[in-house]
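Here is a model to read through by question and answer. Take the structure first, then the turns.

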Amino acid sequence: MSQEPRMYLLFLFLFLSHGVASHRVPDSGQDLHPLLQKMAEEIIDGSYLNALLDLIQFQSSHGWTADLSHRVLAYLNSRNVAFTIPSLQAAVENHLEQRLYQPQKLLEDLRETDAQQFHTAMKCLLEDKKDLLELEDLVIDLGEIRKQALQSPGVNRSLFLVTLERCFQVLNALECVEILGRVLRGSSGSLLQPDITEKLPWDLREDAFKNLSAVFKDLYDQTSAHSQRALYSWMTGILQTSSNATDNSVSWVSAENLWILGRYMVHLSFEEIVKISPVEIGLFISYDNATKQLDTVYDITPELAQAFLEKISSSSFDMRNTSTIHRLGLLVCFYDDLDLLDAAVAQVLLHQMIKCSHLRGFQAGVQKVPSFYSVSQMGVLLAGVGTQAFYSMDRRDLLQVLRSTVSLRVSDLSPAQKQGVLSKMIEAGDPASGIVEIRGAFFKEVSLFNLRREPGFNTTVLKEKELRRSQALFLYELLSKSTRRPEELLSTGQLVKGVTCSHIDAMSADSFLAHFHYFENNLSLLSPYQVNCLAWKYWEVSRSSMPSFLLAALPARYLASVPASQCVPFLISLGKSQLDSLVLDSHKKNSVLRKVQQCLNNSIADEYAVDIMGKLLCHLPAAVLHRGVSARAWATALHGLRACPDLSPEQKAAVRLRLLEQHGLPQNWTAETMKDLGPFLVLFSGDELSSVATKFPDILQQTAARIAGTFPPQEFLWAVFESVRNMSEKNPRSAPSPGCHGVMAPSSGDIFKLAEANACWAPEDLLCMEEHTFTRHVELLGAVRGFSPPQLMTLKEKAVQVWDLPSYWKEYHIASLGRIALTLNESELEQLDLSSIDTVASLSQQTEWTPGQAKSILQGFLEDSGYTIQDLKSFHLVGLGVALCAMNVTEISLIRISEFRVVVARIGTLLCSTHVLAEFKRKAEVVFGDPTDWSGSVLQELGTIAGAVRGADRLLGPRERRGGDPSPAPATQHVATAEPPVGTRWRQHSLLAGHAPERQSHPDPLFQFSSWSPCHLGSLAWLSSTGSPAQDRVVSSTCTWPFGARAAGPAEWKQRHFRL
């Protein structure tokens, strides 16, 4: 049985156990307090939750003495209820387990509690200070009970409903609002369905109303459009009633009401905005938190934004004042009086407009040596500081940067820029202090070599740092030598990545069970191999209390051990996990899903079942989605399906049919329906979308913008394209360029709205684009993944038209090209000015270069920069990226070991040719010694380089090679549990899927592929990577290439994937 119900029953079990040793049995009921008599009667009736509430109430107003437990037992005996402690414990366990896993019954119980019991229940949810109920030597952890209740799927739904129904009658409104806030913030947002406003009170005091409105504002993004509209109506209904407006000529929208509405201000109508008093809008803009609020109005329409700007302009605020511009938030994105601004104000406006879209390609070129002050003022422009400029900064200034709020922008830097900062921090002064100052994800850039040089690490230093797998392996092994307290290591979170099967097996049963929650709380950080080892360990030491999700990691036959009575905890446990991370083998996954369907009886009856399913919802078969989800459960299920990252074609077809049944044809949808079903619009045909494109073009285009970077169906892209074209035809156009009569060239607005649908432009349309339009949006065009080779060639031709020949292009030109750069032939690449490593780094972000192109980039950098191979710093190597694969054996041998050793993890992500990886392996031997001595952390650090070691399986101990051997591996403890090297994804070994009778707790990711060539590895990684299907790899001229760098669009990719 899981631990959660035990927390509930503990109070009665220990409370009554306390009285067993008594030698005196008092008279039944004599002097027993009426509340305790009531509690005993509820125990007799099996109402154990009510008994708990009475006990808590009694303890809050009376002292507890040891004889009270004897008197309760005597009372039970007097009622001819022959309870023994074991039988009572079993009854309590069963009852409370049912209430935890059947939250509908919990809702019924709470509805039937008397006023005092309900008051006690609400107070338990509310109070934080007194979390422990102490009864002599018995302690009941009410805080843990509250935590478990709020985190149990379905329980928070019951608590939410019963709080709305009864709380406002027994507690004051402020307390009830706080309880609602706690319950709602612990949910996914699906609790806020449109009909919920029928249960919201309309007579709240002002402070309670403001607090509840704040809860709804915080959950805005998780709330459906229909629910947003319903909540907006509830909020405005109360605001209008309480306003002093006497007729329609006076607006109820005051400054304070705007602040209360928060993000819901975008639902105001145009007419309501126009009526707002200039005094009130001016007062609102003067609020200190107005800017923060306006920074969040992502879904405001251009029409409403313009209305707000005009209203602000009519107030006392000068729209050409820099202070006003700073206060406008996202409204600056719709500012249209640029021609009236002086240069200084225009510069401020431009800086504020950076928040409107990504302008990174136009940020390059800040190459002076900056100071801390100048860097601290840059904000999002930090990414424009060159790598060399970072490296040239004073180390003390860099330290200040990393300690300041500017460090939050470090994640925006390219790998080369990060390495430039890191090199400066470590190379001068005290390297250890430099490493300690590096926080968050930036720490993942620290090399294993530098970690091995620093003996002074402790768990406190690691609290704010993210770790690569190789770092975690090394640090866990290192720190475990200096502490015998596993919790000190595991409590850091990230270090769980470094726990091997050997570490897990070495734990005693008691230690493993005591520390398992650290693994469970960090499940997303664990590899499937680690989870497999945890499952076997748990099965061996305490299979009766084993968390159900771990059964999915064991052979399929172990699922048969889940009885029907344990189906709900099994579903809850598995639904909180990522099934794809637990089970990699498709056959094993099908076995798990068959068990899930068996538990569900192939149907989902209500919203509580959806709550219990959790993430399993994404894996339900198409037949269940189409026919097995009840109408009552559908709205909640749809909310969950929106978050599913990769539905199968069959699942998508089932969802589409269900949407048509539920909502009718798209042509009959409302705006709210369109918004709520946005992620599913890609499921409909072009004909079905045509009416939507005409009726709600803005919403369709917003949907397209949200799915940018993916490969939506062509019919969806064409629907978006046509809707934008239709809107553009209504706007006046400038005179066409010569030769472009009759051609509708893309405008700036078109490109911005279309996102991935820009792939629908004909080459001649792109060629007729105005020069300033190309210049403003070349980066957006370069990010479109669906452009065909003719389209990309046309865009390159346009770049030559606008910027002249490649030899004249500036760094910021090259950086903004994106995929357009792939069309540059070797001769054109040689013309580029590649003297800056940041320029080269922008090119190396593309992974589809041919070997000849990669060689041209490498040679161009060396020639233009004046560097030789021996001169290359670590950040140069990182910036070169895939161009390193174009080096020959002699060139690789010239790379300085001192630079190579600090970026080997980055190089280990490259899929180069066999001879290139073999040469990198030789350099790795200089750094890490003989391959037979390489530890698991070193193998992880080397990544694909490790694949160049002949007989790599012989580097592994017998346990890692074969699995099942209980003896530890000799000399080196390899990471059999860790994920495969960065840059590749392996299929789960068949033994992990339960196809072998023996235990296989330590499959090694390198074993089964150790004899494969890098070409094989490259093909596997290409087929299974999460990146673009179009990822060409610079492997070698002898490898079989997936397809050429100038392959066709998505249709071509799909065909060739199928063939492969």
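The turns below cover cores, one helix and one threonine.

This is a predicted model: local features need pLDDT of at least 70, side-chain atom pairs count only at pLDDT 80 or more, and totals for chains, interfaces and linings use all residues. Residues are numbered from 1 along each chain as its sequence is written, and side-chain values use heavy atoms, leaving out hydrogens and water.

Q: Which helix gives the most to the largest nonpolar core?
A: A nonpolar core is a set of buried Ala, Val, Leu, Ile, Met, Phe, Trp, Tyr and Cys residues joined through side-chain atoms within 4.5 Å. The largest has 276 residues. Helices are DSSP runs (H or I, at least four residues), numbered from the N terminus. Eight core residues come from the top contributor, helix α9 (residues 155-170).

Q: Is T291 buried or exposed?
A: T291 sits in helix α16 (residues 290-294). Buried means under 20% relative accessible area, exposed over 50%, partly exposed in between (1.4 Å probe, protein chains only). T291 has 18% relative accessibility, so T291 counts as buried.

Q: Which residues does T291 touch, not counting those up to four places away in sequence?
A: Contact means heavy atoms within 4.5 Å. By that rule, T291 touches H326, R327 and G329.

Q: How far apart are the end C-alpha atoms of helix α11 (residues 206-218)?
A: The expected span is 1.5 Å times one less than the number of residues. For the 13 residues of α11 that gives 18 Å, and the model agrees: 18 Å.

How values were computed: Helices (H or I, at least four residues) and strands (E, at least two) are DSSP runs, numbered from the N terminus.
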